[in-house]
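Work through the exercises below with the sequence and the model at hand. Try each task before reading its solution.

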Amino acid sequence: MSDRPPTAPHPAGPQDALTDVPGLRVGHARRTGGGALTGTTVVLAPEGGAVAAVDVRGGGPGTRETDALDPRNLVQRIEAVVLTGGSAFGLDAASGVMAWLEDAGRGFRVGPDPAQVVPVVPAAALFDLGRGGDWRARPDAALGRAAAEAAAATAPGAPVAEGNVGAGTGAVAGGLKGGIGTASVVLPSGATVAALAAVNAVGAVADPRTGVLYGRLYDGPVTPPPAEVHAAARRALAEAEELTRARSAAAAHPPLNTTLAVVATDAELTRAQAHKLAGTAHDGLARALRPVHLLSDGDTVFALSTGARPLAPAEAVADPAFGVHVTAGALNEILAAGADVLTRAVVRAVLAAESVDGPGGRFPSYRELYGDTGTGA
């Protein structure tokens, strides 16, 4: 499924997915049924790792090893990033990924023996506790290892499953079912920029006045759903939210969420430049979710650079008003693309999500409520 508008300025990659950045692999693992509705997603870097950075803007983050990504610190490259459900409990999934990487001899080398490695695995968690009905059903090390194994088993450039998978299994966005979405773009320079998002937001993904997905507004003119369809959808969503409150004693009040993302490029970036990419990519979340970055969110964006493609050097440009100045044209193009692909990844996550009706609550999908009206499908 692609939501790319026909007038988009640049083409998507072959899969319109994070795996269009050569060397990156994505694996999902989940637990459903028996009170469970949660999962973990692992992004594996190429062997030897990738330059990485992170920008945390939500007020309630659950993270692990993010300090290692500070450009001032020792570790230069990382082998994997973990996105997981389970709130802070779910960060245990990163332990399973560490164990898998250690077995593969991948990580920060600390001794002469090839087995003497310490894998640095940054991770971030979203809140999905109790959404399957069992408050204690959370990702653990075994689930993290399963997601890493799933990623390693994929072929280069493989499609990425979207919707109710991995960290998106128990995700909810503004009362609607959230999930995993991904998108990519190939720039005129030849660089690929791509994003993967686990959409789990306190804020809305659709305009309550019209039902149009906020992320669609950046594609150009959008025809809103018919008024009667939108009115019926609003009633159904309100009924589902009331049912969820009555059904699940484990439901958090007020709701706690967090949207997680990985933005990546094959362009060669320094850690400081990757940090800038993670920061500007948050603009993509702000376009697609409203409001965003609240105290009850933990919105976190990781950035990865595989470094396979040299970044074009900055250029000196004559400016009639200010004289000669230096422009980071190629880098700016990547920064702008990071925000664009993250907006599209959020939209794709919402459109790929499937309704859930279980002991933890009823979470209708956007497509259940609106069909294909207003989706551009």
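**Exercise 1.** Why does Glu-65 count as partly exposed?

Solution. The model is a predicted one. Partly exposed covers the range between under 20% and over 50% relative accessible area. Glu-65 has 35% relative accessibility, so this residue counts as partly exposed. Its place is the loop between β4 (62-64) and β5 (80-84). Its phi is near 60 degrees, which is positive in a residue other than glycine.

**Exercise 2.** Is Thr-258 buried or exposed?

Solution. The cut-off for buried is under 20% relative accessible area. Thr-258 counts as buried because its relative accessibility is 1%. Thr-258 sits in the loop between α3 (227-247) and β13 (260-267). Although Thr-258 is not a glycine, its phi is positive, about 125 degrees. Most residues other than glycine have a negative phi.

**Exercise 3.** Find the side chain of opposite charge that is nearest to Arg-271, and list the backbone oxygens that the side chain of Arg-271 reaches.

Solution. Start in helix α4 (residues 271-288), where Arg-271 lies. Arg-271 is buried, and the nearest side chain of opposite charge is Asp-70, 6.4 Å away. A salt bridge needs a distance within 4 Å, so Arg-271 has none. Next, look at backbone oxygens: that of Ala-68 is 3.4 Å from the side chain of Arg-271, and that of Pro-71 is 3.1 Å from a polar atom of this side chain.

**Exercise 4.** Which peptide bond leading to Pro-291 is cis?

Solution. The bond from Arg-290 to Pro-291 is cis, with omega near -5 degrees. Pro-291 lies in the loop between α4 and β14 (300-309).

Methods:
Residues are numbered from 1 along each chain as its sequence is written. This is a predicted model: local features need pLDDT of at least 70, side-chain atom pairs count only at pLDDT 80 or more; totals for chains, interfaces and linings use all residues. Side-chain values use heavy atoms; hydrogens and water are left out. Helices (H or I, at least four residues) and strands (E, at least two) are DSSP runs, numbered from the N terminus. Buried means under 20% relative accessible area, exposed over 50%, partly exposed in between (1.4 Å probe, protein chains only). Lys and Arg count as positive and Asp and Glu as negative; His and the chain ends are not counted. A polar contact is a pair of N or O atoms within 3.5 Å; within protein, one must be able to donate a hydrogen and the other to accept it, and residues adjacent in sequence count only if both atoms are side-chain atoms.
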